[in-house]
Amino acid sequence: MPSKPVTTVLFDFAWTLFARDPNRWVGSAAALIGREVAAGEAERIASDFAELLRTTATDPAHIARDLDPQVWDRAILAVL
């Protein structure tokens, strides 16, 4: 059966859709860099990360990136 073309890509920049289980995503991220997460640390790390996202959500640079395709292109190309 031929595969269907990709018609949509979902980005979760604010980490609100995919980060529901901190033990899973923090543990997986730690494993990718060869580190272990102590009991209870995943929740703290996830909470700290969420607070960082909340703090930067009102940063003018973030707002500009989301409103201007050229600013977004420059930002994402810097990461890639």
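Okay, let's start with the overall fold. This protein has 4 helices and 0 strands. Read from the N terminus, the elements go α-α-α-α. Keep in mind that this is a predicted model.

So how far does the predictor trust it? The mean pLDDT over the protein is 79. A score of at least 70 is reached by 84% of the residues. Confidence peaks in H1, with a mean of 85. It is lowest in helix H4, residues 69–79, where the mean is 73. Please remember that when you look at H4.

Next, burial. The protein has 80 residues, and buried ones make up 11% of them.

Now to helix H2, which runs over residues 41–56. How many salt bridges do we count? The count is 2. Take Glu41 and Arg44 to begin with. Their side chains meet in a salt bridge, at 2.8 Å from N to O. These two are 3 residues apart in helix H2, so about one helical turn separates them. Now move along to Arg44 and Asp48. Here the side chains also form a salt bridge, at 2.7 Å from N to O. Arg44 and Asp48 are 4 residues apart in helix H2, so again the separation is about one helical turn. Put the pairs together, and you get one network of Glu41, Arg44 and Asp48, joined by salt bridges that share partners.

Are these residues buried, exposed or in between? Glu41 is partly exposed, because its relative accessibility is 28%, and the partly exposed range starts at 20% and ends at 50%. Arg44 is partly exposed too, at 40%. Asp48 has a relative accessible area of 43%, so Asp48 also counts as partly exposed.

Glu41 comes up again in a pocket. This is the second largest pocket, and it holds about 180 Å³ of space. Which residues line it? From H1 and its neighbourhood in the list, we have Trp25, Val26, Ala29, Ala30 and Ile33 among them. The lining also includes Arg35, Glu36, Val37, Ala38, Glu41 and Ile45. Which helices supply at least two residues each? H1 and H2 do. H1 gives the largest share of the lining, with 4 residues. How do you find space like this? Rolling a probe the size of a water molecule over the atoms shows where empty space is left.

Let's stay with H1 and pick out Asn23. Asn23 lies in helix H1. Its relative accessible area is 46%, so Asn23 is partly exposed. Now compare chain and space. Asn23 and Glu41 are 18 residues apart along the chain, and their C-alpha atoms are separated by 8.6 Å. Asn23 has another partner to look at, Ala39. Those two are 16 residues apart in sequence, with 9.2 Å from C-alpha to C-alpha.

Where is Ala39? You will find it in the loop between H1 and H2. Is Ala39 buried or exposed? Ala39 is exposed, because its relative accessible area is 84%, and exposed means over 50%.

Last stop, the surface before H1. Helix H1 covers residues 22–32, and Val9 lies in the segment before it. Val9 is exposed, with a relative accessible area of 55%. Which residues make a nonpolar surface patch with Val9? They are Val6 and Phe11. The area of that patch is about 340 Å².

Let me recap. We have 4 helices and 0 strands. In H2, Glu41, Arg44 and Asp48 form one salt-bridge network. H1 and H2 each give at least two residues to the lining of the second largest pocket. Val6, Val9 and Phe11 make a nonpolar surface patch. And the model is predicted, with its lowest confidence in H4.

Key:
Residues are numbered from 1 along each chain as its sequence is written. Side-chain values use heavy atoms; hydrogens and water are left out. Patches are made of residues with over 30% relative accessible area and no salt bridge: like charges are joined within 9 Å, nonpolar side chains (Val, Leu, Ile, Met, Phe, Trp, Tyr) within 5 Å. Accessible areas come from the Shrake-Rupley method with a 1.4 Å probe; for residues, only the protein chains shown count as cover. A salt bridge is a side-chain nitrogen of Lys or Arg within 4 Å of a carboxyl oxygen of Asp or Glu. Buried means under 20% relative accessible area, exposed over 50%, partly exposed in between (1.4 Å probe, protein chains only). pLDDT is the predictor's confidence in each residue, from 0 to 100. On a 1 Å grid over the protein atoms alone, a cavity is a set of points where a 1.4 Å probe fits but cannot get out, and a pocket is an open set with protein on both sides within 12 Å along at least five of seven lines; lining residues have an atom within 4 Å of a point. Grid points are joined across faces, edges and corners, and a volume is the space filled by probe spheres set on the points.
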